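User: I work at the bench and rarely read models. Can you take me through one, feature by feature?

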Amino acid sequence: MNYLIAVLSDRIEAEEAYTALEKAQIPLNQLSIVGRGYKSASDFNFIDPSIEGRKNSFRMAYWLIPFGFFGGFTFDAITTIDTFGWAGEPFNHIIGGILGAIGGAMGSFFVGGSASLMENNGEMIPFLNRLKAGKYLLIVQGNDNIKNRAQEILKGFNPENIQSYQVV
């Protein structure tokens, strides 16, 4: 999906820009104002990197926890380390598998959760900071023709920042 994001200083300016885009016949279902009294950043998952980090974390956990269990079980079986003597041989391997699964869960949490901050989503953090400062975002989604028309109109409002993004 293609997005054009403009940062406007106050609500009145955001509403004026929205009205100008509406008069230019840009479809209303492709326009959004994000800020106090309007949509929130959580409505647009790509703005908040923590949401994407959670998704990545769960996606990685789906594979890493079973792989960690299998790795821990196999490692304990191959090395024949008797870590928990009270458990006996088959349960000692199972405990090794559980510890491996815990390691897989930790890996998915730390790596999957932080990887989204290093991807393109890390570029969205300034937008979150501007929202917290009371600014408004005007988001136009659509193809390049719509984005280009909207960009020309929005330049007349002297936005603090205007950027185009493609979210996969």
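User: Let me begin with one residue. Is asparagine 158 buried or exposed?

Analyst: Asparagine 158 counts as exposed, because its relative accessibility is 64% and the cut-off for exposed is over 50%. Keep in mind that this is a predicted model. Asparagine 158 sits in the loop between α5 and β4. Its backbone deserves a look too: phi is positive, about 50°, although the residue is not a glycine.

User: Which residue in the loop between α1 and β2 can I set beside it?

Analyst: Take glutamine 25, in the loop between α1 and β2. Glutamine 25 has a positive phi of about 65°, and again the residue is not a glycine. Glutamine 25 is exposed, with a relative accessible area of 68%.

User: Now the overall layout. How many helices and strands does the protein chain have?

Analyst: The protein chain has 5 helices and 4 strands. To read the layout, follow the elements in sequence order. Here the pattern runs β-α-β-α-α-α-β-α-β.

User: What share of the residues is buried?

Analyst: Of the 168 residues in the protein chain, 38% are buried. Contacts add a second view. Take those between residues at least 6 apart in sequence: 77% of them join residues at least 24 apart.

User: How do I read a nonpolar core? What is the general idea?

Analyst: In soluble globular proteins, nonpolar side chains tend to be buried together. Now the case here. The largest nonpolar core has 15 residues. Leu21, Ile26, Leu138, Val140, Ala150 and Leu154 have the most contacts inside it.

User: Which elements each supply at least two residues of this core?

Analyst: Three strands and two helices are on that list: β1 (2-8), β2 (31-34) and β3 (136-141), with α1 (11-23) and α5 (144-155). Apart from this core lies another, of 11 residues. Val34, Phe127, Leu128 and Leu137 are among them.

User: Let me zoom in on leucine 154. What is it in contact with, leaving aside neighbours within four places in sequence?

Analyst: Leucine 154 is in contact with Leu4, Ala6, Ala17, Leu21, Leu138, Pro159 and Ile162, with those neighbours left aside.

User: And from the other core, is phenylalanine 127 buried or exposed?

Analyst: Phenylalanine 127 counts as buried, because its relative accessibility is 2% and buried means under 20%. Phenylalanine 127 belongs to helix α4 (residues 125-132). Leave aside neighbours within four places in sequence, and its contacts are Ile5, Val7, Leu137, Asn161, Gln163 and Tyr165. Phenylalanine 127 and leucine 137 are 10 residues apart in sequence, and their C-alpha atoms are 7.9 Å apart.

User: How do I describe a pair of packed helices?

Analyst: Two packed helices are described by the angle between their axes and the distance between the axes. Take α1 and α5. Their angle is about 135°, and their axes are 10 Å apart. The two helices are therefore oblique to each other. Their crossing is right-handed.

User: Which residues make the contact between α1 and α5?

Analyst: From α1 come Ala17, Ala20 and Leu21; from α5 come Ala150, Ile153 and Leu154. By class, the contact of α1 with α5 has 6 nonpolar residues, no polar and no charged.

User: Now helix α3. Is histidine 93 buried or exposed?

Analyst: Histidine 93, in helix α3, is buried, with a relative accessible area of 12%. Histidine 93 touches Phe73, Asp76 and Ala77, not counting residues up to four places away in sequence.

User: Where is phenylalanine 84?

Analyst: Phenylalanine 84 is in the loop between α2 (49-79) and α3 (89-118). Phenylalanine 84 is partly exposed, at 25% relative accessible area. Beyond its neighbours within four places in sequence, phenylalanine 84 is in contact with Asn92, Ile95 and Leu99. The C-alpha atoms of phenylalanine 84 and glycine 96 are separated by 9.3 Å, and the two residues are 12 apart along the chain.

User: One more. Which residues does glutamine 166 touch, not counting those up to four places away in sequence?

Analyst: With those left out, glutamine 166 touches Met1 and Asn2. Glutamine 166 is in strand β4 (residues 161-166). Compare sequence separation with spatial separation: glutamine 166 and tyrosine 3 are 163 residues apart along the chain, and their C-alpha atoms are separated by 6.1 Å. Glutamine 166 is exposed, with a relative accessible area of 60%.

How values were computed:
Residues numbered from 1 in each chain as written. Predicted model: local features only at pLDDT ≥ 70, side-chain atom pairs only at ≥ 80, totals over all residues. Heavy atoms only, no water. Buried < 20%, exposed > 50% of the residue type's maximum accessible area, 1.4 Å probe, protein only. Contact = heavy atoms within 4.5 Å. Core = buried A, V, L, I, M, F, W, Y, C linked by side-chain atoms within 4.5 Å. Axes fitted to C-alpha atoms, helices over the stretch in contact; angles between N-to-C directions. Parallel < 35°, antiparallel > 145°, perpendicular 65-115°, else oblique. Left-handed = near helix turned anticlockwise from the far one by under 90°. Nonpolar A, V, L, I, M, F, W, Y, C, P; charged D, E, K, R; others polar.
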